[in-house]
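User: I've got a model open and want to talk through how it's put together. Can you walk me through it?

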Amino acid sequence: NILLICVDDLRPELGCYGAEHVQSPNIDRLAAEGRRFARHYVQAPTCGASRYGLLTGERPTHNGQLGNGFMMSHTSKRPEGEQPESFVHHFRRNGYRTVGIGKISHQADGLARRNPDELELPYSWDEMLVRYDKWGKGDAPFFGFADGSNRNTLKYEVPPYEAGAVDDLGYPDGLHAELALSKLDELAAAEQPFLLAVGFYKPHLPFTAPQKYWDLYEREQIPISPNPDGPTDAARAFLHGSAEFFNRYKLGKEFGGAGKRLSDAYAREVRHAYLACVSYIDAQVGKLLDRLEETGLADNTIVVLWGDHGWHLGDHTIWGKHSLFERSLQSPLIIHAPGLPQAGRATPSLVGSIDLYPTLCELAGLPVPEAVDGISLVPL
């Protein structure tokens with residue numbers, strides 16, 4: 001079996017990656033039992049393009065593959081062909097039951113926006129599930145606040161964070177974890193091997209998490225970026241706009257702007273919000289790992305935790321991704337496979353997201369399609 005955990009905008013700022021100020025005990029536990037890739041990079045520092053690379057194993061070879069809309073236009077409209085559209089599709093054609101929960105492809109619910117009745121990956125999933133609940137359809141849960149409102153309907157007149165007076169089920173990621181737990185129980189009772197992919201929204205903006213995860217941190221002890229100043233005059237041709245942060249959230253408009261450094265106090269406040277989201281997601285990951293043990297699935301399940309790209313928390317004055325700096329392109333990758341030798345060791349080898357496709361194929365004993373550009377990480 002395969003459990004793939006995708007986390008949006010997750011930088012490798014975790015305990016297991018050496019960040020002692022971050023509370024991430026469950027992801028750290030997975031790293032202690034698996035293989036941590038210390039130098040994993042995505043193929044493009046934006047959600048849709050990065051996920052396309054992960055799912056297809058293909059490098060982006062032309063400009064159209066670098067944007068968020070490519071997956072929708074390239075996969076949701078074409079007929080099923082000889083080459084599988086994704087490794088999920090490949091596993092499905094080889095006898096696996098495939099279930100997606102949350103954000104796996106680009107859209108938050110896996111549906112093509114041009115036709116909400118179509119999946120972005122129409123041949124990959126036996127089931128594609130999402131909890132809309134109090135937020136309603138579309139991407140409203142992705143940008144949701146605890147009261148059921150969302151960034152878009154409030155016309156961006158909202159702060160970029162929230163400490164919610166709710167439990168884990170007060171936000172979509174807790175609901176998706178609950179859905180994944182029930183699905184694991186169901187899959188454990190079946191004879192068929194499965195590929196379950198769970199895509200968590202946080203720590204993508206807005207940085208919304210239950211209050212108890214904010215309480216894990218003392219704000220004054222949270223470090224700000226070690227390189228918070230903008231580019232030199234010679235490099236002004238590249239000036240990152242941090243558009244989502246500054247243009248779609250109220251406090252983002254009030255403090256700073258493109259190429260301007262935030263005050264240390266406000267920078268620490270935003271970083272606090274981000275880390276609260278990381279710990280919230282870490283708790284959901286822990287629930288999934290525990291359920292694998294409880295159901296007896298752990299001994300025969302490959303677990304992958306993958307971040308779709310990094311995120312600048314004030315580095316080079318940037319609050320966002322969409323750059324070719326290290327902070328945008330590097331993300332966590334942890335793989336646990338039953339019988340892994342030297343569990344808990346990290347590897348410094350340079351790897352990319354496109355390498356996951358052939359890796360999973362080799363671990364599961366499946367052939368690798370010819371179109372895949374990545375190479376298997378099993379030797380590592």
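**Cavities, strands and helices**

Analyst: Happy to. This is a predicted model, and three cavities of 30 Å³ or more turn up inside the structure.

User: How much space lies in the largest cavity, and which residues lie nearest its centre?

Analyst: The space in the largest cavity comes to about 80 Å³. Its lining is made of 13 residues, and by class these are six nonpolar, four polar and three charged. The ones nearest the centre are Pro228, Arg261, Ala267, Gly314 and Trp319.

User: And what is the volume of the second largest cavity?

Analyst: Its lining includes Pro141, Phe142, Tyr171, Pro172 and Asp173. Split by class, that lining has five nonpolar, two polar and two charged residues. As for volume, the second largest cavity has about 40 Å³.

User: Pro172 and Asp173 make me curious about α5. How many of its residues are buried?

Analyst: α5 spans residues 172–188, which gives 17 residues. Pro172 and Asp173, both in the lining of the second largest cavity, are among the buried residues of α5, along with others including Leu175, His176 and Leu187. Overall the helix is mostly covered, and the buried count is 12 of 17.

User: Which elements do those buried residues pack against?

Analyst: The buried set of α5 includes Leu179, Leu181 and Leu184, and also Lys183. Three of the packing partners are strands and one is a helix: β3 (97–102), β4 (127–129), β6 (194–200) and α9 (264–294).

User: How far does α5 reach from its first C-alpha to its last?

Analyst: At 1.5 Å a residue, the expected figure for this helix is 24 Å. The model comes out close to that, with a reach of 24 Å.

User: β6 came up as a packing partner. Which strand does β6 join through six bridges, and in which sense, parallel or antiparallel?

Analyst: One pair of residues facing each other here is Ile5 and Val198, the latter in β6. Six bridges link β6 to its partner, and the two run parallel. That partner is β1.

User: Which other strand pairs with β1?

Analyst: On this pairing, Val7 has Gly307 as its bridge partner. There are six bridges here too, again in the parallel sense. The strand covers residues 302–307 and is β8.

User: Which residues of β1 point one way and which the other?

Analyst: In a regular strand, side chains alternate between the two faces of the sheet. For β1, both sets are buried, which fits with six of its six residues being buried. One set is Ile2, Leu4 and Cys6, and the other is Leu3, Ile5 and Val7.

User: Let's move to the pockets. Which elements give two or more residues to the lining of the second largest pocket?

Analyst: That pocket holds about 220 Å³ of space. Of its 15 lining residues, Leu340, Leu363, Leu377, Val378 and Leu380 are the closest to the centre. The elements giving two or more residues are β2 (35–41), β11 (333–336) and α11 (356–364).

User: How does that lining divide into nonpolar, polar and charged residues?

Analyst: The residues closest to the centre, such as Leu340 and Val378, belong to the nonpolar class. For the whole lining of the second largest pocket, the split is 10 nonpolar, four polar and one charged.

User: Which strand does β2 run parallel to?

Analyst: β2 is mostly covered, with five of its seven residues buried. With β11 it pairs in the antiparallel sense over two bridges, and there Arg36 has Ile334 as its partner. Arg39 is instead bridged to Leu350, and the strand joined to β2 by five parallel bridges is β12.

User: Is His90 buried or exposed?

Analyst: His90 sits in helix α4 (residues 87–93). Leaving aside neighbours within four places in sequence, its contacts include Tyr357, Cys361 and Leu366. Its relative accessible area is 7%, and buried means under 20%, so His90 is buried.

User: Last one: what separates the C-alpha atoms of Lys250 and Glu157?

Analyst: Lys250 lies in helix α8 (residues 250–254) and counts as partly exposed at 38% relative accessibility. Not counting residues up to four places away in sequence, Lys250 touches Tyr156, Glu157, Val158 and Pro159. Lys250 and Glu157 are 93 residues apart along the chain, yet their C-alpha separation is 5.0 Å.

How values were computed
Residues numbered from 1 in each chain as written. Predicted model: local features only at pLDDT ≥ 70, side-chain atom pairs only at ≥ 80, totals over all residues. Heavy atoms only, no water. Helix = DSSP H or I, 4+ residues; strand = E, 2+ residues; numbered from the N terminus. Expected span 1.5 Å × (residues − 1). Buried < 20%, exposed > 50% of the residue type's maximum accessible area, 1.4 Å probe, protein only. Contact = heavy atoms within 4.5 Å. Pairing = 2+ DSSP bridges. 1 Å grid on protein atoms, 1.4 Å probe; cavity = no way out; pocket = protein on both sides within 12 Å on 5 of 7 lines; lining within 4 Å. Points joined across faces, edges and corners; volume = space filled by probe spheres on them.
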